[in-house]
Amino acid sequence: MSTVLLWVITPAEVSNSLGFSESFHEGGRQFHNLRSVNRAASSRNGRWKQREWKRRWSSCSLNADLKYACLGFVPEDSGNFPVVSSLIANPAGEIALTSEQKVYDVVLKQAALVKEQLRANGTLEVKQDRAVPGSLHLLNEAYDRCGEVCAEYAKTFYLGTQLMTPERRRAIWAIYVWCRRTDELVDGPNASHITPTALERWELRLEDLFTGRPYDMFDAALSDTVAKFPVDIQPFKDMIEGMRMDLIKSRYMNFDELYLYCYYVAGTVGLMSVPVMGIAPDSPATTESVYNAALALGIANQLTNILRDVGEDARRGRIYLPQDELAQAGLSDEDIFAGRVTDKWRSFMKNQIKRARMFFQEAEKGVTELNQASRWPVFASLLLYQQILDEIEANDYDNFTKRAYVSKAKKLLALPAAYARSVMSSSRTLSGITVG
């Protein structure tokens with residue numbers, strides 16, 4: 001299953017040039033102790049958190065007419081989607097949190113880190129280099145290599161990053177490469193050899209680079225990035241958790257389960273990226289709402305990946321579609337494995353595409369709140385991904401034998417449109433987002 005990396009269409013295949021063969025052996029030890037990460041993460045006491053959840057619950061609905069209210073908006077025509085409520089009762093009668101709320105807790109934590117720096121400095125400024133003597137050349141080389149990887153496998157996004165400041169551009173490259181390497185663990189040429197133990201080692205390696213002990217040049221670039229920007233380790237760990245799910249899970253009973261998976265493998269990228277991309281100084285939006293929009297874009301992109309890759313995933317024995325919604329539409333796993341495009345399938349796909357577009361609508365509100373220099377690559381990705389949904393429709397919903405893709409000509413046409421939207425002078429208020 002392809003995952004969303006830095007809001008850009010993933011390549012069909014990435015070679016082993018990113019260093020996976022060496023990823024669990026000794027790496028470039030000269031990068032160890034380049035710097036130590038000093039970050040004062042803001043703490044939240046229980047009373048504040050309880051108050052936040054109370055406000056959150058009040059804006060989420062147990063009523064079918066207000067489904068998706070937890071995303072900050074209520075669609076005019078919500079269609080026949082199952083309710084994704086804020087609270088659910090387990091068999092013991094206890095109230096449990098849904099995936100939405102679990103993810104929102106992470107969103108609040110990430111937003112708190114950014115707000116702490118904004119309160120301290122008035123801006124998301126980049127910390128100055130404090131690399132040990134003699135290592136700066138190696139560090140620059142590490143970032144350059146990350147840029148080469150991004151340019152090779154994410155050409156459109158790479159072009160968009162050229163408008164960003166050098167520090168932000170290099171940091172985004174470093175995050176992209178780490179996400180690409182993580183995804184390749186379970187979706188690359190060596191995926192059949194990856195075990196839960198291997199992912200545990202990858203997570204330990206992540207913890208090391210967050211404390212200034214990188215294993216190789218790619219790790220060194222990310223280690224430097226997280227020392228300069230208020231980036232938290234949790235979204236990175238959550239992405240690894242998504243890889244664990246891919247090792248053991250091939251069905252999703254409902255959208256609540258699928259939502260959590262989409263957060264793990266794609267929504268996390270938005271949370272990683274916001275501190276680097278920056279929020280416009282004159283933005284009237286709350287930090288939480290910007291993070292929520294970034295999360296929505298990751299979810300939308302991953303839902304689009306899923307709908308595009310139904311046939312490909314089915315041939316691998318995987319179905320990333322809510323089982324209960326398939327049953328409600330009169331469909332089964334056998335229908336998907338058979339690849340039959342029927343009226344039932346078309347109706348089902350129309351609803352799935354509608355849901356993805358709802359997430360895109362929510363995400364679009366937040367892009368204009370980013371630092372102006374960071375908007376172009378995000379807008380470009382958003383527009384291109386939405387066109388994948390258009391192509392699925394153009395293929396008469398046959399995503400079993402036809403792969404929906406955006407032609408190079410359409411990509412080229414989308415870039416000027418994305419650029420024009422990225423340089424809009426006025427920032428739009430994120431009305432309707434009720435995330436505090």
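**Close-up 1. Salt bridge between Arg 308 and Asp 309 in the predicted model**. Arg 308 pairs with Asp 309 in a salt bridge. Their closest N and O atoms are 2.8 Å apart. Both partners, Arg 308 and Asp 309, are buried. The structure as a whole holds 28 salt bridges.

**Close-up 2. Salt bridge between Glu 325 and Arg 355**. The two side chains meet with an N to O distance of 2.8 Å. Glu 325 belongs to helix 12, and Arg 355 belongs to helix 14 (residues 343-367). The pair links distant parts of the chain, 30 residues apart. Glu 325 is buried, and Arg 355 is buried too.

**Close-up 3. Pro 322 and its surroundings**. Pro 322 sits in the loop between helix 11 (310-314) and helix 12 (323-328). Its relative accessibility is 0%, so Pro 322 counts as buried. Neighbours within four places in sequence are left aside here. Beyond them, Pro 322 is in contact with Tyr 252, Met 253, Asn 254, Phe 255 and Leu 258. Gln 352 and Arg 355 also contact Pro 322. Arg 355 is the salt-bridge partner of Glu 325 in the preceding view. The C-alpha atoms of Pro 322 and Arg 251 are separated by 7.8 Å. Along the chain, Pro 322 and Arg 251 are 71 residues apart.

**Close-up 4. Salt bridge between Lys 410 and Glu 391**. The N to O distance between these side chains is 2.6 Å. Lys 410 lies in helix 16 and Glu 391 in helix 15, so the salt bridge ties together parts 19 residues apart in sequence. How exposed is Lys 410? Its relative accessible area is 37%, and Lys 410 is therefore partly exposed. Glu 391 has a relative accessible area of 15% and is buried.

**Close-up 5. A salt-bridge network of Arg 181, Arg 205, Asp 216 and Asp 219**. Salt bridges that share partners join these residues into one network. Two members, Arg 205 and Asp 219, return in the next view, where they take part in a helix contact.

**Close-up 6. Packing of helix 6 against helix 7**. The axes of helix 6 (residues 196-210) and helix 7 come within 8 Å. They cross at roughly 50 degrees. An angle from 35 to 65 degrees falls outside the parallel and perpendicular classes, and helix 6 and helix 7 are therefore oblique to each other. On the helix 6 side, the contact is made by Arg 205, Leu 209 and Phe 210. Helix 7 contributes Asp 219, Leu 222, Ser 223 and Val 226.

**Close-up 7. Packing of helix 3 against helix 7**. Helix 3 (residues 136-153) and helix 7 (residues 217-228) pack at an angle of about 105 degrees. Their axes are 8 Å apart. This angle makes helix 3 roughly perpendicular to helix 7. Helix 3 supplies Leu 139, Glu 141, Ala 142, Tyr 143, Arg 145, Cys 146 and Val 149. They meet Met 217, Phe 218, Ala 220, Ala 221, Asp 224 and Thr 225 of helix 7.

**Close-up 8. Tyr 176 and Val 149**. Tyr 176 is placed in helix 5 (residues 166-187). Is Tyr 176 buried or exposed? At 1% relative accessibility, Tyr 176 counts as buried. The C-alpha atoms of Tyr 176 and Val 149 are 8.9 Å apart. In sequence, 27 residues separate Tyr 176 and Val 149. Val 149 is one of the helix 3 residues that meet helix 7.

**Close-up 9. Positive phi at Asp 396 and Tyr 397**. Asp 396 is not a glycine, yet its phi is positive, at about 60 degrees. Tyr 397, also a residue other than glycine, has a positive phi near 65 degrees. Asp 396 lies in the loop between helix 15 (375-394) and helix 16. Tyr 397 lies in the loop between helix 15 and helix 16. Asp 396 has a relative accessible area of 37% and is partly exposed. Tyr 397 is buried, with a relative accessible area of 11%.

**Close-up 10. A nonpolar surface patch**. Which residues make this patch? Leu 163, Tyr 419 and Val 423 form it, over about 240 Å². Val 423 is in the segment after helix 16 (408-422). With 36% relative accessibility, Val 423 counts as partly exposed.

Terms used:
Residues are numbered from 1 along each chain as its sequence is written. This is a predicted model: local features need pLDDT of at least 70, side-chain atom pairs count only at pLDDT 80 or more; totals for chains, interfaces and linings use all residues. Side-chain values use heavy atoms; hydrogens and water are left out. Patches are made of residues with over 30% relative accessible area and no salt bridge: like charges are joined within 9 Å, nonpolar side chains (Val, Leu, Ile, Met, Phe, Trp, Tyr) within 5 Å. Accessible areas come from the Shrake-Rupley method with a 1.4 Å probe; for residues, only the protein chains shown count as cover. A salt bridge is a side-chain nitrogen of Lys or Arg within 4 Å of a carboxyl oxygen of Asp or Glu. Helices (H or I, at least four residues) and strands (E, at least two) are DSSP runs, numbered from the N terminus. Buried means under 20% relative accessible area, exposed over 50%, partly exposed in between (1.4 Å probe, protein chains only). Axes are lines fitted to C-alpha atoms, for helices over the stretch in contact, and angles run from 0 to 180 degrees between N-to-C directions. Angles under 35 degrees count as roughly parallel, over 145 as roughly antiparallel, 65 to 115 as roughly perpendicular and the rest as oblique. Contact means heavy atoms within 4.5 Å.
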